[in-house]
Amino acid sequence: LVSSILMWFAFFTLNVSAQIVINEIMYNSDGTDVEFIELYNASNQNINLNGWSVLDDNDAHTPCPLNGTLAAGEYWVVVGDRVLFGAVYPNVSNVNESTFDPNGTGWALGNNGDAVRLFDDNDALHDIVAFEDGGDWPGNADGNGPSLELLHPNLDNHRLATTAAGL
């Protein structure tokens, strides 16, 4: 009975955390390049993000650690540079403490294509969105202001048909 309960709990825990998705990517904004990655918790439970991280497609880069709790049905924004982001989006408060490109000293998302990878607290790849500049990807997201945005958090963010130019 105990092993059955533990197996159910492990499945339920994995199922809940599996509902954290990369929801939006601003990789080439209009004007000053203010980059960010938005995560969404599609589950009905709060999820502790301590130990999780995001990284682009280059394993030589330092992963950006996530910290805090992502509430059920809420969004979490991981920014390249907090000062640049705050100047453009001063009312956004659900921002990760750590950044991936503080003062231009970290890594940036490639304007000609890249990947955003989300790793869980066991360093296992949890979600990935690989994007390209042009092709079937929304053209307005390439320096014209909008971001790449998942149309609905329950859709597969690996498929082009489920993304659109967003914010």
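**Exercise 1. Decide whether Ile22 is buried or exposed, and find where Ile22 lies.**

Solution. Begin with the accessibility: Ile22 has a relative accessibility of 2% and therefore counts as buried, where buried means under 20% relative accessible area, exposed means over 50%, and partly exposed covers what lies in between, with a 1.4 Å probe and protein chains only. Next, place the residue: Ile22 belongs to strand β1, and here helices (H or I, at least four residues) and strands (E, at least two) are DSSP runs, numbered from the N terminus. Finally, look across space: the C-alpha atoms of Ile22 and Glu38 are 6.1 Å apart, although 16 residues separate the two in sequence.

Before going on, note that this is a predicted model, in which local features need pLDDT of at least 70 and side-chain atom pairs count only at pLDDT 80 or more, while totals for chains, interfaces and linings use all residues. Residues are numbered from 1 along each chain as its sequence is written, and side-chain values use heavy atoms, with hydrogens and water left out.

**Exercise 2. Describe the protein as a whole: how many helices and strands are there, and what share of the residues is buried?**

Solution. Count the elements, which gives 2 helices and 11 strands. Read from the N terminus, their order is α-β-β-β-β-β-β-β-α-β-β-β-β. Then turn to burial, where 41% of the 167 residues count as buried. For contacts (heavy atoms within 4.5 Å), take those between residues at least 6 apart in sequence: 53% of them join residues at least 24 apart.

**Exercise 3. Find which parts of the model have a pLDDT under 50.**

Solution. Start from the average, which is a pLDDT of 79, with 71% of the residues scoring at least 70; pLDDT is the predictor's confidence in each residue, from 0 to 100. Residues 1-16 stay under 50, and the model gives this stretch 4 contacts beyond four places in sequence. Residues 159-167 are also below 50, but this stretch has 34 contacts beyond near neighbours in sequence.

**Exercise 4. Work out the strand order of the open sheet that has 4 strands, and say which strands form the edges.**

Solution. The order is β5-β4-β8-β9, and the pairing is antiparallel, where two strands pair if DSSP finds at least two bridges between them. Strands β5 and β9 are the edges, since each pairs on one side only. Inside the sheet, β4 and β8 run antiparallel and are joined by 3 bridges, and Ser53 has Phe119 in β8 as its bridge partner. On the other side, β8 pairs with β9 (residues 125-132) in the antiparallel sense over 7 bridges, and Arg117 has Ile128 in β9 as its bridge partner. The hairpin of β8 and β9 has 5 residues between the strands. Among them is Asp123, whose phi is near 60°, a positive value in a residue other than glycine. Most residues other than glycine have a negative phi. Asp123 counts as exposed, at 59% relative accessibility.

**Exercise 5. Locate the salt bridge, and decide for each partner whether the residue is buried or exposed.**

Solution. A search of the whole structure finds 1 salt bridge, which is defined as a side-chain nitrogen of Lys or Arg within 4 Å of a carboxyl oxygen of Asp or Glu. The partners are Asp59 and Arg117, whose side chains meet at 2.7 Å, N to O. The pair links distant parts of the chain, 58 residues apart: Asp59 sits in the loop between β4 (53-55) and β5 (64-65), and Arg117 in strand β8 (residues 113-119). Now compare their surroundings: Asp59 is exposed at 61% relative accessibility, whereas Arg117 is buried at 12%. In general, side chains of opposite charge can pair when their charged atoms come close.

**Exercise 6. Explain why strand β7 is described as largely enclosed, and name the strand that pairs with β7.**

Solution. Count the buried residues of β7 (residues 75-79): 4 of the 5 are buried, so β7 is largely enclosed by the rest of the structure. Then identify the partner strand, which is β2, paired with β7 in the antiparallel sense over 5 bridges. Within this pairing, Phe36 stands opposite Val79 in β7.
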